[in-house]
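Reader: I am new to reading protein models, and I would like to take a close look at one part of this one instead of skimming the whole chain. Could you choose a single residue, explain the terms as you need them, and follow its surroundings step by step?

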Amino acid sequence: MLFELRQYQCISGKRDEFVRFMEETLIPFQVSQGVVVVGSFTDEEDPDGYVWIRRFDSPEERDRIYQAMYASETWNHQMLPAVSEMVHRERSVVSQLRPTPKSVIR
């Protein structure tokens, strides 16, 4: 099991719009591609902060999904342009995590 903790900095004033886009469009698209979204969060201390967690069965599964999803017309012509209008992509932080034996999320 492999998790990704993805931390984004939204463009000032765009977080609510980004959350709607994530929940109505981007997350359903990624789920349709095989991504398991464990959670989606706003940062209580940062009015522009957004965090989400994705789960994959293995690094190989993640690589396979990445290859198909990020090469798709839908990603490149719909999702990426929209994200780029709402998020400072250069400030994104992605951490790859493995759960410890007693972690409740697995």
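Author: A polar contact is a pair of N or O atoms within 3.5 Å, and within protein one of the two must be able to donate a hydrogen while the other must be able to accept it. With that in mind, and remembering that what you see is a predicted model, let us begin at Arg6, which belongs to strand E1, the run of residues 2–9. The side chain of Arg6 makes a polar contact of 3.0 Å with the side chain of Glu4, and a polar contact of 3.4 Å joins Arg6 to the side chain of Tyr66.

You may wonder whether Arg6 is buried or exposed. Its relative accessible area is 11%, and because a residue under 20% counts as buried, Arg6 is buried. If we set aside the neighbours within four places in sequence, Arg6 is in contact with a list of residues that includes Tyr50, Val51, Trp52 and Arg54, and also Tyr66 and Tyr70, along with Val93 and Val94.

The next residue to consider is Gln7, which also lies in strand E1. With a relative accessible area of 33%, Gln7 is partly exposed, because this value falls between the limits of 20% and 50%. Beyond its neighbours within four places in sequence, Gln7 is in contact with Tyr50 and Val51, and with Arg91, Ser92 and Val93. Its C-alpha atom lies 10 Å from that of Ser40, a residue 33 places away along the chain.

Tyr50 has now appeared as a partner of Arg6 and of Gln7, and it leads us to the aromatic rings. The model has seven aromatic pairs by the rule applied here. In one of them, the ring centres of Tyr8 and Tyr50 are 6.3 Å apart and the planes meet at 35°, so this pair is tilted. Because Tyr8 is in strand E1 and Tyr50 is in strand E3 (residues 49–56), the pair ties together parts of the chain that are 42 residues apart in sequence. Tyr8 and Tyr50 are buried. Tyr50 also pairs with Phe18, in an edge-to-face arrangement with 5.1 Å from centre to centre and 90° between the planes. This second pair links distant parts of the chain as well, since Phe18 sits in helix H1 (residues 15–32) and Tyr50 in strand E3, 32 residues apart. Phe18, like Tyr50, is buried, and ring pairs join Tyr8, Phe18, Tyr50 and Trp52 into a cluster.

We can now return to Tyr66, the other end of the 3.4 Å polar contact with Arg6. Arg62 lies over the face of the Tyr66 ring, at 5.9 Å from the ring centre. Arg62 is in helix H2, where Glu61, Arg62, Ile65 and Met69 are buried. Looking down the axis of H2, we find its buried residues within an arc of 100°, so they line one face of the helix. The face turned away from that buried side carries the exposed residues Glu60, Arg64 and Gln67. As for what the buried residues meet, they pack against E1, H1 and E3, and also against helix H3 (73–86) and strand E4 (93–97). The length of H2 can be checked too: at 1.5 Å a residue, its 12 residues, 59–70, should span 16 Å, and the end C-alpha atoms are 16 Å apart, which agrees.

Finally, Phe18 of the ring cluster points us towards helix H3, because Phe18 is among the residues touched by Val83. Val83 is found in helix H3, and its relative accessible area of 9% makes it buried. Apart from residues up to four places away, Val83 touches Phe18, Phe21, Leu26 and Arg89. Phe21, in helix H1, is buried at 13%, and its C-alpha atom is 8.5 Å from that of Val83, although the two residues are 62 places apart along the chain. Glu85, also in helix H3, offers a contrast, since at 55% relative accessibility it counts as exposed. Outside its neighbours within four places in sequence, Glu85 is in contact with Ile11 and Lys14.

Notes. Residues numbered from 1 in each chain as written. Predicted model: local features only at pLDDT ≥ 70, side-chain atom pairs only at ≥ 80, totals over all residues. Heavy atoms only, no water. Helix = DSSP H or I, 4+ residues; strand = E, 2+ residues; numbered from the N terminus. Buried < 20%, exposed > 50% of the residue type's maximum accessible area, 1.4 Å probe, protein only. Contact = heavy atoms within 4.5 Å. Phe/Tyr/Trp six-rings, centres within 6.5 Å; stacked < 30°, edge-to-face > 60°. Lys NZ or Arg CZ within 6 Å of the ring centre and 35° of its normal. Expected span 1.5 Å × (residues − 1). Arc of directions from axis to C-beta.
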